[in-house]
Amino acid sequence: MSDRPLGKIVRLQVQTAAIKTKGIGYDPAPILEVEELAVGPLGATGLHQASWVVDVHHGAHPRSRGGGKRALSVGFTGHYDRIAARFGSAPLGCAGENLLVSHPDRVVLDDLAGSLVVHTAEGEAVLGGARVAAPCAEFTSWVKGLDSVLPKTDQPDDVAFLDDGMRGFIVDVARLQAPIVLRVGDEVVVRPDR
């Protein structure tokens, strides 16, 4: 089986702080677009105006979130188009993924079976173990333009719409031996398990 192209990276970003406060709200302001993303076994750091910024999910961040279980995430442009069509607006990257890939179609977990591979100037960044980034009540309420957070049980159809990868995927970085730099324009493919 050969690699299956997904698309090119169109945006790279890090979260400088938490973007969700449970039960209180969602604020994408700490999402920072970066020129390059160095991804290693502990997570991501982004190059912004000649300085490296540590993503809040990185194992070395002083207030690391997710316990190292959410070191890197990926989203797709086609998902943002669908979210905007349903809710009226969805700025690219507002869900906080680290990599945004140009791909017009809906991507589900089965489409990412195997390894996600980024072809970079330095070689391949082999990522794996994709899993769904489950939508939270805070993001769902925010993207709908609500002034307060509705519990998931009060908005089941909208939460279901954002599930199954629509809100992004978390990928495993444990295979990386050392950080590798990703850039806008790098090609992303799926490599089936052999």
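Hi everyone. Two strands count as paired when DSSP finds at least two bridges between them. Please keep that in mind, as we start with a sheet. One caution before we go on: this is a predicted model.

Let's look at strand β5, residues 36-40. β5 pairs with β13 in the antiparallel sense, over four bridges. If you want a spot to click on, find Glu36, which stands opposite Arg183 in β13. In general, strands of a sheet pair through backbone hydrogen bonds, either parallel or antiparallel.

Now zoom out a little. These two strands belong to an open sheet of four, in the order β7-β6-β5-β13, with antiparallel pairing. Which strands stand at the edges? They are β7, residues 51-54, and β13, residues 180-183. Each has a single partner strand, so one side of each is left without a neighbour in the sheet. From one strand to the next, the twist averages 30 degrees.

On to the aromatic rings. A pair of rings is described by the distance of the centres and the angle of the planes. The structure holds five aromatic pairs, and I'll show you two of them.

One is Tyr26 with Trp142, a tilted pair at 5.3 Å centre to centre, with 50 degrees between the planes. Tyr26 sits in strand β3 and Trp142 in helix α2, 116 residues apart, so to speak a link between distant parts of the chain. Tyr26 is buried, with a relative accessible area of 9%, while Trp142 is partly exposed at 28%.

The other is Phe76 with Phe169, an edge-to-face pair at 6.3 Å between centres and 70 degrees between planes. Phe76 lies in strand β8 and Phe169 in strand β12, so this pair ties together parts that are 93 residues apart in sequence. Phe76 and Phe169 are both buried.

Back to Tyr26 and Trp142 for a moment: together with Phe139 they form one aromatic cluster. Over the face of Phe139 you'll find Arg167, at 5.7 Å from the ring centre.

Last stop, the cysteines. How many disulfides does the model have? The count comes to zero. Why is Cys94 without such a bond? Its closest cysteine sulfur, in Cys136, is 11 Å away, which is too far for a bond; the cut-off for a disulfide is 2.5 Å. As for their surroundings, Cys94 counts as buried at 5% relative accessibility, and Cys136 is buried too, with a relative accessible area of 12%.

Thanks for listening, everyone!

Conventions:
Residues numbered from 1 in each chain as written. Predicted model: local features only at pLDDT ≥ 70, side-chain atom pairs only at ≥ 80, totals over all residues. Heavy atoms only, no water. Buried < 20%, exposed > 50% of the residue type's maximum accessible area, 1.4 Å probe, protein only. Axes fitted to C-alpha atoms, helices over the stretch in contact; angles between N-to-C directions. Phe/Tyr/Trp six-rings, centres within 6.5 Å; stacked < 30°, edge-to-face > 60°. Lys NZ or Arg CZ within 6 Å of the ring centre and 35° of its normal.
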